[in-house]
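The following report describes side-chain packing and charge pairing in one protein model. Please read it alongside the sequence and the coordinates.

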Amino acid sequence: MDCLFCKIIAGEIPSNKVYEDDQCFAFRDINPQAPTHILVVPKQHIESVDAIDSTNSAVVGHIFEVIAKIAKEEGLENGYRVVSNIGEQGQQTVPHLHFHIIGGRDMTWPPG
């Protein structure tokens, strides 16, 4: 498979790892949109939110537990944003499910 995030998880492409366990991997975004910008991805290749089903949804629940843990460790007690882009119009640039943890500054709406 020629998936950027699968290669990062496998250690074939270097990353600034923040967290790893048997189900997910978290690393700092190479193009941060805020002082804290971390991606959390399942180790299992799931293309996007649209591909979540009863066979893989448990890992998503686990990822959200990890997101809360990372946010606390990063000092985001004043709030943060969790984003998952889906598909071309949603600006998903890597076809592997991932959640952005974005914080450390005031967020605007609509997101910019």
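Throughout this report, a residue counts as buried under 20% relative accessible area, as exposed over 50%, and as partly exposed in between, with a 1.4 Å probe and protein chains only. The model is predicted, and local features therein need pLDDT of at least 70, while side-chain atom pairs count only at pLDDT 80 or more and totals for chains, interfaces and linings use all residues. Residues are numbered from 1 along each chain as its sequence is written, and side-chain values use heavy atoms, with hydrogens and water left out.

**Salt bridges**

With a salt bridge taken as a side-chain nitrogen of Lys or Arg within 4 Å of a carboxyl oxygen of Asp or Glu, the count comes to four. Three of these are tabulated here.

| Pair | N to O distance |
|---|---|
| Asp-2 and Lys-7 | 2.6 Å |
| Lys-17 and Glu-20 | 2.9 Å |
| Lys-43 and Glu-20 | 2.8 Å |

The bridge between Lys-43 and Glu-20 links distant parts of the chain, since Lys-43 lies in the loop between β3 and α2 whereas Glu-20 lies in strand β1 (residues 17-20), 23 residues apart. Helices (H or I, at least four residues) and strands (E, at least two) are DSSP runs, numbered from the N terminus. Lys-17, Glu-20 and Lys-43 are linked in a network of salt bridges. Lys-43 is partly exposed, with a relative accessible area of 28%; Glu-20 is likewise partly exposed, at 35%, and Lys-17 is partly exposed at 46%. In the pair formed by Asp-2 and Lys-7, Asp-2 counts as exposed at 69% relative accessibility, whereas Lys-7, at 25%, is partly exposed.

**Aromatic pairs**

A pair of aromatic rings is described by the distance of the centres and the angle of the planes. Rings of Phe, Tyr and Trp (its six-membered ring) pair if their centres lie within 6.5 Å, and planes under 30 degrees apart count as stacked, over 60 as edge-to-face and the rest as tilted. By this rule there are three aromatic pairs. The rings of Phe-5 and Phe-27 have centres 5.6 Å apart and planes at 70°, so this pair is edge-to-face. It joins distant parts of the chain, with Phe-5 in helix α1 (residues 4-9) and Phe-27 in strand β2 (residues 24-28), 22 residues apart. Both Phe-5 and Phe-27 are buried. For Phe-25 and Phe-27 the centres are 5.9 Å apart and the planes at 50°, so that pair is tilted. Phe-25 is buried with a relative accessible area of 4%, and Phe-27 counts as buried at 4% relative accessibility. Phe-5, Phe-25 and Phe-27 form one aromatic cluster.

**Nonpolar cores**

A nonpolar core is here a set of buried Ala, Val, Leu, Ile, Met, Phe, Trp, Tyr and Cys residues joined through side-chain atoms within 4.5 Å. The largest such core has 17 residues, and those with the most contacts inside it are Val-40, Ile-63, Ile-70 and Ile-101. At least two residues of this core come from each of β2, β3 (36-42), α2 (57-73) and β5 (99-103), and α2 gives the most, with seven residues. Where contact means heavy atoms within 4.5 Å, and leaving aside neighbours within four places in sequence, the partners of Val-40 include Phe-25, Ile-63, Ile-70, Phe-99 and Ile-101. Apart from the largest core lies another, of nine residues, among them Ile-8, Ile-9, Phe-25 and Val-94.
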